[in-house]
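User: I would like a close look at one position and its surroundings, explained step by step for someone new to structures. Please begin with the residue itself and then work outwards.
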Amino acid sequence: MPKPELEPEQLESLRIALETRRDELEKLLKSGADAAEPVTLDQQSVGRVSRIDAIQQQQMARASQQQATQTLQQVQLALRRIADGEYGYCLHCGDPIAYARLSVQPFATLCLDCQEASETR
Ligand SMILES: [Zn+2]
């Protein structure tokens, strides 16, 4: 049986890491909202190539925004689980998630075994 609970200072450092991540993502999404606006270009001054560029950039901005939104949801879920005292346990098997894993990915919701099982399935 692995050590069941995180040390308070471990939990605290993970909480800070999550809050930092959340703030970064919220800022990113706020600034990204402008980049994802429909492309409006001055027809006179820009050629066809830069128009395609602009559309590609917009698509990239949208994709990275979707990614950021997903990560933000995971981060918020992790913070909620900290508040509820459920943080650090695998959603699938209920085993504690190793601190080594959480320190790399503080919003992990599965232990390594379940994560690997879900990826190889
Ligand atoms: Zn598990």
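Is Q65 buried or exposed, and what is its relative accessible area?

Analyst: The model is predicted, so local features need pLDDT of at least 70 and side-chain atom pairs count only at pLDDT 80 or more, while totals for chains, interfaces and linings use all residues. Residues are numbered from 1 along each chain as its sequence is written, and side-chain values use heavy atoms, with hydrogens and water left out.

Q65 has a relative accessible area of 18%, so this residue is buried (under 20%; exposed is over 50% and partly exposed in between, with a 1.4 Å probe and protein chains only). Q65 sits in helix α2, where a helix is a DSSP run of H or I of at least four residues and a strand a run of E of at least two, numbered from the N terminus. Although Q65 and K30 are 35 residues apart in sequence, their C-alpha atoms are 9.5 Å apart in space.

It helps to place this helix in the whole protein. The protein has four helices and zero strands, which follow one another along the sequence in the pattern α-α-α-α. Of its 121 residues, 26% are buried, and Q65 belongs to that buried share.

Another residue of helix α2 is T71, which counts as buried because its relative accessibility is 8%. If neighbours within four places in sequence are left aside, T71 is in contact (heavy atoms within 4.5 Å) with R21, L25 and F107. Such contacts can be viewed for the protein as well: among those between residues at least 6 apart in sequence, 56% join residues at least 24 apart.

Helix α2 also takes part in the largest nonpolar core, a set of buried Ala, Val, Leu, Ile, Met, Phe, Trp, Tyr and Cys residues joined through side-chain atoms within 4.5 Å. This core holds 19 residues, and the members that touch the most others are L18, V75, Y87, C90 and L102. Two elements, α1 (8–35) and α2 (48–84), each give two or more residues to the core, and the largest share, six residues, comes from α2. Beyond residues up to four places away in sequence, L18 touches V75, A78, L79, I82, Y87, P106 and F107. F107 therefore appears in the contacts of L18 and also in those of T71.

One of the core members, C90, is also a ligand of the zinc ion, which is coordinated by the SG atoms of C90, C93, C111 and C114 at 2.2 to 2.3 Å (donors are N, O and S atoms within 2.8 Å of the metal, or 3.2 Å for Na, K and Ca). The angles that these four donor atoms subtend run from 106 to 115°, which makes the arrangement tetrahedral (all angles between 85 and 135 degrees). Along the chain, the donors keep the spacing C-x2-C-x17-C-x2-C. Because C93 lies in the loop between α2 and α3 (99–104), and C111 in the loop between α3 and α4 (112–120), this pair ties together parts that are 18 residues apart in sequence. C93 counts as partly exposed because its relative accessibility is 38%, whereas C111 at 8% counts as buried, and C114 at 11% is likewise buried.

Notes
Tetrahedral: all angles 85-135°; square planar, octahedral: opposite > 155°, others 65-115°.
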